Amino acid sequence: MKKNIAVIGGGPSGVIGAAFASSRGHDVTLFEKNSKIGKKLFITGKGRCNITNASYIQNFFENIISNEKFLYSSFYSFTNEDMISLLNSYGVLTKVERGDRIFPKSDKSSDVIKALESLLIDKNVNISLNSNISDIDLKEDKFILKVNGENLIFDKVLIATGGKSYPSTGSTGDGYKFAKKLGHKIIPINPSLVPLEIEENWVRDLQGLSLRNVSISAFHKDKLLYEDFGEMIFTHYGISGPIVLSMSNYIHNYTERNIKISIDLKPALDLDILDARLLKDFDKYANKQFKNGLNDLFPKKLIPTIINLSKIDPYKSIHQITKEERIDLLHLIKNLNMTFKSFRPVEEAIICSGGVDTKEIDSSTMESKIVKGLYFAGELVDVHGLTGGYNLQIAYSTGYLAGTSM
């Protein structure tokens, strides 16, 4: 029986949901508050769009931080391979990079968005842009949406508005308000995959410096909370980059903030091998001043900070450096320590943790257990994962399951 369906939100979960609901023969209208769909998708992966991950779908669950079991039906109903096949059918070829991250071969997120636009057109979805939905109500099993001041009536609704991260893209938390009004519990919203502010002032001196192939660890009272290897960047407030964003997920519960962060600048070298390397450099630059003897070991921008933290006189001749000073330098290289201050605001987070309580959503359909005909998908739901394409796959998979279930 043909239904009149509204999908709120033109991000990946809303687009996939609308397309597959319409393919079942329903009359579907996709409402997007911006002048085009996929505004947040456009900036993902630094504008390249980390579409999904190439690992086996069963491995995705290891990279989901909250409520991973809730996603079983979604992930297996519409896998990463399904999404790649869909994009391939619209001419978007893909490539696999470090960490099994999948990007468009063109390195253009706009190509992914164009493919999604074509999908909506092919599936005969009514696309309503510049549509601000200010209210939602339920009367006699019908949903009443106030769109640009006008009341429109629908049989079913999919809310796929995203969270509160990057509000300039349209993710301003409207979906939480709608869900709450219709009786749903909202798990508190926190920034997730978010940069960190650091106490130490020397971090600011390194603003803009990217480090590859380093190891990062987080400790709370000597308890290891997180450890990872990869890329990071220093900023005017602290640190960011893939391994830092992932780490932010694991330190949320330690609200007293007594968290120490340690960077191993040379994780591939143990202390003995690093010492041999340092002795080789010291021998090479024996007659130079200490400040001129580290160019082979570190990026130029990092050297003044290392010298300052080492407490070795920068003008001291390298052949005069004592064994004790060299050992201390070794430990500094392997343990560049700093103190966590705070998370950056939720507006700067890649995604939010929290959202509509999964206990109130049927995981096999994405339909509300409280309101018949109401569905949820994407970041709005209290599920989120690490960086690497996992969160976008959550969006596609939950959108697909909701759309087909409607």
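**Arg101 and its surroundings, in questions**

Colleague: Which residue's side chain does R101 join in a polar contact of 3.2 Å?
Modeller: Bear in mind that this is a predicted model. R101 is found in strand β6. Leaving aside its neighbours within four places in sequence, R101 is in contact with several residues, including N50, T52, K95 and G388. The side chain that R101 joins in that polar contact of 3.2 Å belongs to T387.

Colleague: How far from R101 is the nearest side chain of opposite charge?
Modeller: Side chains of opposite charge can pair when their charged atoms come close. A salt bridge needs a nitrogen and an oxygen within 4 Å. R101 is buried yet has no salt bridge, and the nearest side chain of opposite charge, D228, is at 7.2 Å.

Colleague: In the open sheet of three strands, which ones are the edge strands?
Modeller: The order in this sheet is β3-β6-β5, with antiparallel pairing. An edge strand pairs on one side only, and that fits β3 (52-53) and β5 (94-97).

Colleague: Which residue of β6 stands opposite T52?
Modeller: Strands of a sheet pair through backbone hydrogen bonds, either parallel or antiparallel. Here two bridges join β3 to β6 (residues 101-104), and these strands run antiparallel. Opposite T52, in β6, stands I102.

Colleague: Which residue meets E97 in a salt bridge of 3.5 Å?
Modeller: E97 is partly exposed, with a relative accessible area of 28%. Its partner is partly exposed too, at 24%. The side chain that meets E97, at 3.5 Å from N to O, is that of K95.

Colleague: How many residues apart in sequence are the parts that D135 and K181 tie together?
Modeller: D135 and K181 form a salt bridge, with their closest N and O atoms 2.8 Å apart. D135 lies in strand β8 (residues 133-139) and K181 in helix α7 (residues 174-181), so the pair ties together parts whose separation in sequence is 46 residues.

Colleague: R212 and E231 meet in a salt bridge; is E231 buried or exposed?
Modeller: The closest N and O of this pair are 3.6 Å apart. R212 is exposed, with a relative accessible area of 60%. Buried means under 20%, and E231 has 15%, which makes it buried.

Colleague: How many of the 16 residues of α12 are buried?
Modeller: Helix α12 covers residues 390-405 and reaches 22 Å from its first C-alpha to its last, close to the expected 22 Å. It is largely enclosed by the rest of the structure, because the number of its 16 residues that are buried is 15.

Definitions and conventions: Residues are numbered from 1 along each chain as its sequence is written. This is a predicted model: local features need pLDDT of at least 70, side-chain atom pairs count only at pLDDT 80 or more; totals for chains, interfaces and linings use all residues. Side-chain values use heavy atoms; hydrogens and water are left out. Helices (H or I, at least four residues) and strands (E, at least two) are DSSP runs, numbered from the N terminus. The expected span of a helix is 1.5 Å times one less than its number of residues. Buried means under 20% relative accessible area, exposed over 50%, partly exposed in between (1.4 Å probe, protein chains only). Two strands pair if DSSP finds at least two bridges between them. Lys and Arg count as positive and Asp and Glu as negative; His and the chain ends are not counted. A polar contact is a pair of N or O atoms within 3.5 Å; within protein, one must be able to donate a hydrogen and the other to accept it, and residues adjacent in sequence count only if both atoms are side-chain atoms. Contact means heavy atoms within 4.5 Å.
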